[in-house]
Amino acid sequence: PRILILGAPGAGKGTQSAKIIEEFDVDHITTGDALRNNKEMDISDMDTEYDTPGEYMDQGELVPDEVVNAIVDEALSQADGFVLDGYPRNLEQAEELEGMTDLDLALYLEVGEEELVHRLTGRRMDPETGDIYHVEYNPPEDPEVEERLVQRDDDTEETVRERLSVFHENTEPVIEYYDEQGDLERVDGEQAPDEVWEDVKATIEDAV
Ligand code: AP5
Ligand code: ZN
């Protein structure tokens, strides 16, 4: 299947994508991870405000479309089935995506603002595996893993607030756009991770 997963920062896109790729044997295409792996890439020749993706990311701003579109285009050309996470984030990107591929469904994980802030400020990452944890909701069992967990650079309270405002301004119109096309499936993302997964899995199975 070709799945788009939409949701605010902290809605659980990465958490659910990890389950989707295992169950449905598809690629995880995530612009956030791709950009984090290329934070220092020199993009100054693209006539952008800053010289690297990292400078946008650490302030919670969107990296320029030109950079992100190229990443997605390349990844999609190599994928058969996929779950696309973190793109499109504005209407220009949504239009660009239409020229790249067809989708089987767009899933929207709905989570309220207060819960989002709580999830993001408590998130921890395993730098060795990329696994996602939360200090309260999903702590690791292995003390060795716990020891090496790190916080993402953009999970500070100030940057989280900026990311949420970028979501409201730029990405909510994208959700409306898919909704108007009748392609949007909503899932209550505020449930426990396993319950969200049950709904996500059933929704995908219905659509393909
Ligand atoms: P990106 O990495 O995409 O970040 P994001 O959209 O802000 O989303 P997150 O990764 O923060 O949240 P998530 O929904 O994956 O939640 P997670 O599963 O981790 O983008 C980062 C930056 O890159 C952007 O700000 C921008 O600068 C740039 N960028 C990326 N794409 C771009 C694009 N297309 N255009 C331009 N710029 C782009 O879960 C969060 C926490 O909650 C975890 O701790 C988890 O354990 C916990 N949790 C998850 N589910 C549950 C649950 N059901 N109950 C309780 N806790 C839960
Ligand atoms: Zn993510």
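Start by selecting Val 196, Val 200 and Ile 204 in helix α9: these three residues are buried. They cover an arc of only 65° around the axis, which puts them on the same side of α9. Keep in mind as you go that this is a predicted model.

Now turn to the other side of α9 and pick out Asp 194, Ala 202, Glu 205 and Asp 206, which are exposed. While the helix is selected, try a check on its length. α9 runs over residues 193-207, and at 1.5 Å a residue its 15 residues should span 21 Å. The C-alpha atoms at its ends are 21 Å apart, which agrees.

What lies over the buried residues of α9? The cover includes β1 (2-7), α1 (13-24), β4 (105-110) and β7 (184-188). Show those elements together with the helix, and you will see α9 lying across β1, β4 and β7, running at about 160° to β7.

**Into the sheet**

Next, display the strands alone. They form an open sheet of 5 strands in the order β2-β3-β1-β4-β7, with parallel pairing. β2 (27-30) and β7 stand at the edges with a single partner strand each, so one side of each has no neighbour in the sheet. Direction ignored, neighbouring strands here are turned by 25° against each other on average. Bring back helix α8 (residues 157-180) as well: it packs on the sheet and touches β1, β4 and β7. The direction of α8 makes about 120° with that of β7.

Zoom in on strand β3 (residues 82-85), which pairs with β1 in the parallel sense over 4 bridges. Select Leu 4 and you will find Leu 84 of β3 standing opposite. Select Ile 3, and the bridge partner in β3 is Val 83. Then move to β2, which also pairs with β3 in the parallel sense over 4 bridges. Here Ile 29 has Leu 84 as its bridge partner in β3.

Are the residues on the two faces of β3 buried or exposed? In a regular strand the side chains alternate between the two faces of the sheet. Colour Phe 82 and Leu 84 for one side of β3, and Val 83 and Asp 85 for the other: all are buried, and both faces are covered.

**The nonpolar core**

Several of these residues return in the next selection. The largest nonpolar core has 36 residues, and those with the most contacts inside it are Ile 3, Leu 4, Ile 5, Val 83, Leu 84 and Leu 107. Centre the view on Leu 107. Leaving aside neighbours within four places in sequence, Leu 107 is in contact with Ile 3, Leu 4, Ile 5, Leu 6, Glu 185, Val 187, Val 200 and Thr 203. Val 200 is one of the buried residues of α9 where the tour began.

**Two stops among the helices**

For a change of scene, select Lys 19 in helix α1. Lys 19 is partly exposed, with 16 other C-beta atoms within 10 Å. Draw a distance from its C-alpha atom to that of Leu 35: the two residues are 16 apart along the chain, and these atoms are separated by 22 Å.

Finish at Asn 69, which sits in helix α4 (residues 65-77). Asn 69 is partly exposed too, with 19 other C-beta atoms within 10 Å; a residue counts as buried from 20 upwards. Leaving aside neighbours within four places in sequence, Asn 69 is in contact with Gln 93 and Glu 96. A last distance takes you from Asn 69 to Glu 144, 75 residues apart along the chain, with 38 Å between their C-alpha atoms.

Technical notes: Residues numbered from 1 in each chain as written. Chains lettered and ligands numbered in written order. Predicted model: local features only at pLDDT ≥ 70, side-chain atom pairs only at ≥ 80, totals over all residues. Expected span 1.5 Å × (residues − 1). Buried ≥ 20, exposed ≤ 12 C-beta atoms within 10 Å, placed from the backbone. Arc of directions from axis to C-beta. Contact = placed C-beta atoms within 7 Å. Core = buried A, V, L, I, M, F, W, Y, C linked by C-beta atoms within 7 Å. Pairing = 2+ DSSP bridges. Axes fitted to C-alpha atoms, helices over the stretch in contact; angles between N-to-C directions.
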